[in-house]
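Dear colleague,

I am passing on a structure for you to look through, and my notes on it come after the display.

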Amino acid sequence: MGKGVRTHAAPRTAVVWAVLEAELSRRSGQRLDVVDVGGGTGGFAVPLARAGHRVTVVDASPDALAALERRAAEAGVADQIRGVQGDADALTAIVRSNSADLVLCHSVLEVVDDPAQVAEAVAAVLRLGGVASVLVSNRVAAVLTRALAGNLDAAMTLLEDPQGRAGEQDTQLRRFDVATASDLLTAAGLRVEQIHGVRVVADLVPGALLDGEPGSYDALRRFELAAAARSPYRDLATQLHLLARNGEPR
């Protein structure tokens, strides 16, 4: 388990994997209990299981869990992954308290009814010293993206709406910035240790340009990793990634 999990992660997820790999390296030799809330088809769960960790995926979609089962079997890690159908809001009824070393909560807090309740549930299932990997949509990026596309009405709505929504048709119930995401996790009893921007420019670079230039994906990955923790670039990224710990590190 000392080896890296996803050394060659795609530019869009490279930053998240870099943070996770650093945490796993710190615990080299340990077999961790991982909970992936809203983990879907196993984009993170399967690589973590292949690295030797036990992963429980909690997801509301039976179709996603069926795809997860097939994916885990194809990767030879079916015995390392358990899929459970359920909502993030009911996490503490599905996973025992103080039972996880790592909880992934990616693209979940934007769509649940009560993000504070889910954040508290994430903290509750973590062991002392365990960490939460939290990925949320960035309100700042959403405003700028719409404004630059000429959709100024939607940009203004996002800018002024207390929850960062673009109107009633918006599929997300809220968006976050660095302060609101940090405050949410801190209120749940977690200590935020790292904040990175995810997809600082990955969504802006034309795909045709990347496909036509040798080494362009590696260059984009390097740029994302270099810019992720630097303000103001971090604060303009499509998503924000927070690593938050429950109590003192081991």
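The notes below cover one helix and its surroundings, and then a pair of helices.

This is a predicted model, in which local features need pLDDT of at least 70 and side-chain atom pairs count only at pLDDT 80 or more, while totals for chains, interfaces and linings use all residues. Residues are numbered from 1 along each chain as its sequence is written, and side-chain values use heavy atoms, with hydrogens and water left out.

Helix α3 (helices being DSSP runs of H or I with at least four residues, and strands runs of E with at least two, numbered from the N terminus) spans residues 62-74 and reaches 18 Å from its first C-alpha to its last, close to the 18 Å expected at 1.5 Å a residue, where the expected span is 1.5 Å times one less than the number of residues. Its buried residues are Ala64, Leu65, Ala67, Leu68 and Ala72 (buried means under 20% relative accessible area and exposed over 50%, with a 1.4 Å probe and protein chains only). They lie on the same side of α3, because they cover an arc of only 160° around the axis, taken from the directions from the helix axis to the C-beta atoms. On the other side, Asp63, Glu69, Arg70 and Glu74 of α3 are exposed. Just after α3, Gly76 takes a positive phi of about 75°.

Turning to the pair, Ala14, Val15 and Ala18 in α1 meet Arg221, Glu224 and Leu225 in α10, contact meaning heavy atoms within 4.5 Å.

Best regards
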